[in-house]
Number of protein chains: 2
Amino acid sequence: MRYRKIPDESIRRLPVYLRGLLYFAETGAKGVSSEKLADFLHFNPAQIRKDFSYFGYFGIRGVGYDVNTLIKQTRNILKLGNKHKTALIGAGNLGKAILAYPGFGVYGFEILAVFDSDQAKIGKKISGRTVEDVSNLRTLKKRGISLGIVATPAPAAQQVADALVDAGITGILNFAPHHLIVPKKVKVITIDIAMELGRLPYYA
Amino acid sequence: MRYRKIPDESIRRLPVYLRGLLYFAETGAKGVSSEKLADFLHFNPAQIRKDFSYFGYFGIRGVGYDVNTLIKQTRNILKLGNKHKTALIGAGNLGKAILAYPGFGVYGFEILAVFDSDQAKIGKKISGRTVEDVSNLRTLKKRGISLGIVATPAPAAQQVADALVDAGITGILNFAPHHLIVPKKVKVITIDIAMELGRLPYYA
DNA sequence: TTGTGCTTGTGCTCACAATCACAAAGTAAG
DNA sequence: CTTACTTTGTGATTGTGAGCACAAGCACAA
Ligand SMILES: NC(=O)c1ccc[n+]([C@@H]2O[C@H](COP(=O)([O-])OP(=O)(O)OC[C@H]3O[C@@H](n4cnc5c(N)ncnc54)[C@H](O)[C@@H]3O)[C@@H](O)[C@H]2O)c1
Ligand SMILES: NC(=O)c1ccc[n+]([C@@H]2O[C@H](COP(=O)([O-])OP(=O)(O)OC[C@H]3O[C@@H](n4cnc5c(N)ncnc54)[C@H](O)[C@@H]3O)[C@@H](O)[C@H]2O)c1
């Protein structure tokens, strides 16, 4: 828009703003100011305004933002408008938790396929999805699945990522504590849970 | 040390360095250079050197770092030297996955207690631990448990955090998508999984 | 139409973080 | 001892983001 570059940190905050906005929508509020939203989410109001201003003029001075409009716009920015078909690879402990979690729905994600390499798991149903053989990952393209969640052990993560890339995936959420090498056009976000816990004692 | 302030981002990276160092130790390597470690973890070598240099002189010029010494020093910095007794609150899908995960052990964490509010779960065993009633959280202090992992639904998270603070906890790893308000002396790290997934389509 | 009050949108400044590039300091060989 | 080579440790530079403080703009009342 009228800015050159959009900070990555702003993108990171948008899903949080969306969660806050959905809360206000639930309470029946029509409008919300940057201050009210900031109070709820514990952010700085100016930061919220600036983050949104990177993408357009969504508010009305002296009034605030219309909740439903801003929700729609935020979904637009994050490309959450249409449903996102997602596959999970690795139906272990963490994988099962993710499959059971309904919270991804509000962002428009649908986990439609589950893959594993363990013959004992293949064919079994987990949270309504049948576990498939990981060697069938190439079918993702045909099925219009464009995102992958990697919940395999670290040593298997890179080869799974390679297969996902071959299957035409555009984004990967990776839980394995391992850096994934992928083509530039594919975005990887890694959540290293143990790492986060590992820095907690430092602050005590 | 000879620097005024230690960047928070450096602290964040140390557990990752530790993971890399443990890998090199496993392979039997005695020494490692910042470049080799950087290659493995996909970091900038200068950044690794600088991060460590905030805490002391651990390397030998022209040679590199001794793997085992650096592991020990990193554990020291992160205060992972002695075992950290940890409690999990919320024995749901995510909680069960965390209890089953052995990977926290390498950082010295032991999950010794599990709490839930669901009468149907209290008394049951999960991964070798007996689920206790959440109203008994105050016993944590006596038991020397100083860290808490919150895996309850968002609406319950704040009251659980309050109880943890009352029980003398010094750090919380929070999985609920909700900002926790705690005294300054208590450190909270929140992992919002859905938020991370929510920004993935933006980059596609 | 003018004034008052409110909230947005943003220029500017400060703070923090990443990276570069090189002196310092070690090893090893002659 | 001197030279060549290696890798650390860090000053200096560049890049990125957070937050303040205020002008701009809208609503509403008189
Ligand atoms: N569970 C946790 O709380 C937790 C915490 C931190 C990190 N992690 C990370 O998340 C990942 C999954 O953890 P988990 O506890 O669910 O492990 P898990 O062992 O319970 O599950 C891993 C699953 O991946 C499957 N698998 C192995 N190789 C595969 C391959 N090549 N293709 C497809 N599937 C394959 C296994 O059959 C198994 O079902 C690991 O990388 C782990 O380090 C988990
Ligand atoms: N499962 C996932 O993949 C996932 C993904 C993203 C975020 N999360 C978040 O992690 C948290 C846990 O998710 P989950 O899937 O395990 O949910 P869950 O519903 O399976 O488990 C929640 C557990 O917390 C217990 N609980 C409720 N109130 C409590 C209280 N006051 N004190 C103690 N225990 C209480 C419940 O009895 C239940 O056992 C939620 O906040 C969720 O939003 C989970």
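Ligand 1 is surrounded by residues from chains A and B, so its site is shared between the two chains; the model described here is a predicted one. Of the 25 residues that lie around ligand 1, those that come nearest are Leu94(A), Asp116(A), Lys121(A) and Thr152(A), joined by Tyr101(B) from the other chain. In this list, a residue counts as being around the ligand if one of its heavy atoms lies within 4 Å.

The polar contacts of ligand 1 involve both chains as well. On the side of chain A, the side chain of Asp116(A) places an N or O atom 2.5 Å from an oxygen atom of ligand 1, while a polar side-chain atom of Lys121(A) is found 2.6 Å from an oxygen atom of the ligand. Chain B contributes through its backbone, since an N or O atom of the main chain of Ala97(B) lies 3.1 Å from a nitrogen atom of ligand 1. Considered alone, ligand 1 exposes 820 Å², and the protein buries 85% of that area.

As for its place in the protein, ligand 1 sits in the second largest pocket. The elements that give two or more residues to the shell around ligand 1 are α5 (93-100) and α6 (154-166) of chain A, together with α5 (93-100) of chain B. Among these contributions, the largest share comes from α6(A), which supplies three residues of the shell. Sorted by class, the shell around ligand 1 is made up of 17 nonpolar, five polar and three charged residues.

The second ligand can be followed through the same topics. Residues from chains A and B also surround ligand 2, and therefore this site too is shared between chains. There are 25 residues around ligand 2, of which Tyr101(A), Leu94(B), Asp116(B), Lys121(B) and Thr152(B) come nearest.

Backbone atoms from both chains make polar contacts with ligand 2. In chain A, a polar backbone atom of Ala97(A) is 3.1 Å from a nitrogen atom of ligand 2. In chain B, a backbone N or O atom of Leu94(B) lies 2.9 Å from an oxygen atom of the ligand, and a polar backbone atom of Thr152(B) is 2.6 Å from an oxygen atom of ligand 2. Taken by itself, ligand 2 exposes 820 Å², of which the protein buries 85%.

In the shell around ligand 2, at least two residues each are supplied by α5 of chain A and by α5 and α6 (154-166) of chain B. Here α6(B) gives the most, with three residues, and the shell by class holds 17 nonpolar, five polar and three charged residues.

The domain division of chain A completes the picture. Chain A is divided into domain 1, which covers residues 8-77, and domain 2, which covers residues 84-197. The C-alpha centres of these two domains of chain A lie 30 Å apart.

Key
Residues numbered from 1 in each chain as written. Chains lettered and ligands numbered in written order. Predicted model: local features only at pLDDT ≥ 70, side-chain atom pairs only at ≥ 80, totals over all residues. Heavy atoms only, no water. Polar contact = N/O pair within 3.5 Å; in protein donor to acceptor, adjacent residues only side chain to side chain. Areas by Shrake-Rupley, 256 points an atom, 1.4 Å probe, with all protein chains shown as cover. 1 Å grid on protein atoms, 1.4 Å probe; cavity = no way out; pocket = protein on both sides within 12 Å on 5 of 7 lines; lining within 4 Å. Sits in = over half its atoms within 2 Å of the grid points. Helix = DSSP H or I, 4+ residues; strand = E, 2+ residues; numbered from the N terminus. Nonpolar A, V, L, I, M, F, W, Y, C, P; charged D, E, K, R; others polar. Domains from an automatic or database assignment.
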